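Welcome, and take a moment to open the model in your favourite viewer. The notes below walk through a ligand site, a pair of cysteines and a small sheet.

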Amino acid sequence: MIKLNGIEKVYQTEKIETLALYDINLEVERGEFLSVMGPSGCGKSTLLNIMGLLDEPTKGKVFIDGESTVSFKDRKRANVRNRKIGFIFQSYHLINDLSVVDNVELPLIYRTMSSAKRRKRALEALEKVGLSARTKHFPSQLSGGQRQRVAIARAIVGGPEILLADEPTGNLDSVMGGEILDILNKLVKESNTTIVMVTHDDSIAHQSDRIIRLFDGSQVN
Amino acid sequence: MLKNYFKTAIKVLWRHKLFTFISLFGISFTLLILIVIASFVDHTFGPVTPEKKLDRTLSVTMSILRSKSGGMAAGPLFSPYFLKRYVKSLKTPELVSLSSFHNPIITYKNNRKFNFALKFVDGEFWQILDFEFIEGRGFSTEDVEMRNPVAVISRETRDKYFEGESALGKTIEADGQNFRVIGIVENVSLLRIMPYSDIWVPLTYTKDDLNKICIMGGFPGWYAMILARDKSDLPIIQREFNKHLQEVEFPEGRWVSVNTGANTYAEAITRSLFRQEGDTKSPLLIFIFVLMFLFMLLPTVNLVNINISRILERSSEIGVRKAFGASSMTLIWQFITENVIITLIGGAISLFLAILVLMVINDSGMIPHLHLTLNYRVFMVSLVICLCFGLLSGVYPAYKMSRLNPVDALRGGQQ
Ligand SMILES: Nc1ncnc2c1ncn2[C@@H]1O[C@H](COP(=O)(O)OP(=O)(O)O)[C@@H](O)[C@H]1O
Ligand SMILES: [Mg+2]
């Protein structure tokens, strides 16, 4: 499903050069639930962003569905993100100007689809995360756990094969975090979605199929 | 897709009410002033009643006279003799008219005092200009030669002097003479200096000596209007007149050279604005364009600035949109749509305000008989300006934004 080949990422700032990732080789199977662990600053988010085509590696190749993405232009990359990938961020990243249902519809407006169908699918996604009663609210009117559930609905509304979640429970207490995890687990079972999740929490990581650990940009096992 | 852009744009503008208000205010205010200026320009230069044949009309008005000792006189200072001898004698034109600029006069009726503008004109005056007659007619060349005591008055003059009653055939006193009213015309704006007056009478009634051999006349001066048979005759007439000028005699002895020309309307205005000599090829238009450009530049830069800061503020939204499938092109179009919509709304508001402002200016009486209108030309120009505005202020920020890497955008726009 996703294959990383010799990935290296260097952040170049005015004064210093940070080697955020070094020689990462990784393959994630279809339907696999993978956890990425490691101390803060070890390169977990960088790895996830590169997998999701939000960022480009300095060296190495990312394959999605067996296809190398090196030559992909902006439009093609946008299309892959739109069709195949759903993101869930630690700080939700909802658009505050849009209502809950409009936020969830977001990935669908970059496809050709009637607005009635878009609305229907957004409402279905919201039902899956248990937020049918809050569709007309704005993000600022919701609790952290509810916001993250909106973000999950947005990530799954387009039926992506891959979910990339960067510390989805990081800003939540353990009860809410547990709920979020239950939802994700259910999704993998129902639709055979591939999930790569960054987490600090051992108990959460242990619910996944496989754990990889990073330390200072390198994979340790 | 366009429908989506449109919907999103409306939602975004609605949610960012403060920004929308500031932008709308800036756009409508700038456009409002532009439209009002354009309307003034149009009203002053455009072919409006009674000067409908402006495109084939020339005038001889301003001149610069120089004396041997280096002295100089400039302004509308020709004598009727000069104009008759050197302009009336032109062969190419269809018609040449000789008339005075308007004289301020005071007249009394039933112990009431009236201030009017009085103009001495010939028969050709009524043929070259297309006055809108409410009643009656203008006077003929014969009326002028026979010194028939006839007058044409404006609607306002009738309303004041005859208190709104029909004036045709009645007598009006002007400059110590009684005239019989034979025509009533619609009011003319002071900005149209050639036709403007309240009362028009035959030029044979002037107290100036029409036949006195001299170059320089008295206040308020005389001018000639030249009507060509066809637009293409204009340069021929100008050449013919320049030839006449080379043969000018200077009976006063004081003057040794004269600088003038048969000018189109824009050229004539330029001459009077800049007291320019010689070639008068439309620097006025260039001047107006430069002025307008500078005037547009400021609010455009300002709007670009507002847009850029708004984009940075919305960079996390851009990051989110990119993460979920928006390409750079999509986002550029999204932004341009937002800008075009907001400028069009601003344009609509400014048009509405412009109509109000023009009404207020017209009614204020600052300029007698001013009747500014918002015609289709002004409207089209404004619309084009609107769109340029929207594109100018939208394209650069949109481009800048599209360069943003999604991760950087999510992080808040710092690269
Ligand atoms: N945009 C950036 N510019 C410079 N350095 C960065 C940037 N993003 C991340 N880094 C650095 O790269 C390293 C890895 O960061 P990150 O992937 O966010 O770690 P994690 O998610 O594991 O906490 C850190 O040292 C961080 O400071
Ligand atoms: Mg991180």
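How far is an oxygen atom of ligand 1 from a polar backbone atom of Gly43(A)? The distance is 3.1 Å. Please keep in mind that this is a predicted model, and that each distance here is computed from its atoms.

**The ligand site**

Two further polar contacts of the ligand involve side chains, and the table sets them beside the backbone one.

| Residue | Polar atom on the protein side | Atom of ligand 1 | Distance |
|---|---|---|---|
| Gly43(A) | backbone | oxygen | 3.1 Å |
| Ser45(A) | side chain, N or O | oxygen | 2.7 Å |
| Thr46(A) | side chain | oxygen | 2.5 Å |

Taken alone, ligand 1 exposes 560 Å², and the protein buries 69% of that area. Two elements of chain A give two or more residues to the shell around the ligand: strand S2 (17-28) and helix H1 (44-51). Helix H1(A) makes the largest contribution, with three residues.

Where does ligand 1 lie with respect to the chains? It sits between chains A and B. The residues around it include Tyr11(A), Thr13(A), Thr18(A) and Ala20(A), the run Ser40(A), Gly41(A), Cys42(A), Gly43(A), Lys44(A), Ser45(A) and Thr46(A), and also Arg411(B).

**Two cysteines**

Cys42(A), one of the residues around ligand 1, is it buried or exposed? Its relative accessibility is 2%, so Cys42(A) counts as buried, the cut-off being under 20%. Cys214(B) has a relative accessibility of 8%, and therefore also falls under that 20% cut-off and counts as buried. As for disulfides, the count over all chains is zero. A disulfide would be a covalent bond joining the sulfur atoms of two cysteines.

**A small sheet in chain B**

Moving on to chain B, there is an open sheet of three strands in the order S3-S2-S13, paired in the antiparallel sense. Which strands stand at its edges? They are S3 (72-75) and S13 (255-259) of chain B; each has a single partner strand, so one side of each is left without a neighbour in the sheet. On average, neighbouring strands of this sheet are turned by 15° against each other, with direction ignored.

Strand S2 (residues 63-67) of chain B pairs with S13(B) over four bridges, in the antiparallel sense. If you would like a residue pair to look up, Ile64(B) has Asn259(B) in S13(B) as its bridge partner. In general, the strands of a sheet pair through hydrogen bonds of the backbone.

Technical notes. Residues are numbered from 1 along each chain as its sequence is written. Chains are lettered from A and ligands numbered from 1 in the order in which they are written. This is a predicted model: local features need pLDDT of at least 70, side-chain atom pairs count only at pLDDT 80 or more; totals for chains, interfaces and linings use all residues. Side-chain values use heavy atoms; hydrogens and water are left out. Two strands pair if DSSP finds at least two bridges between them. Axes are lines fitted to C-alpha atoms, for helices over the stretch in contact, and angles run from 0 to 180 degrees between N-to-C directions. A disulfide is a pair of cysteine sulfur atoms within 2.5 Å. Buried means under 20% relative accessible area, exposed over 50%, partly exposed in between (1.4 Å probe, protein chains only). A residue is near a molecule or strand if one of its heavy atoms lies within 4 Å of it. A polar contact is a pair of N or O atoms within 3.5 Å; within protein, one must be able to donate a hydrogen and the other to accept it, and residues adjacent in sequence count only if both atoms are side-chain atoms. Accessible areas come from the Shrake-Rupley method with a 1.4 Å probe; for residues, only the protein chains shown count as cover.
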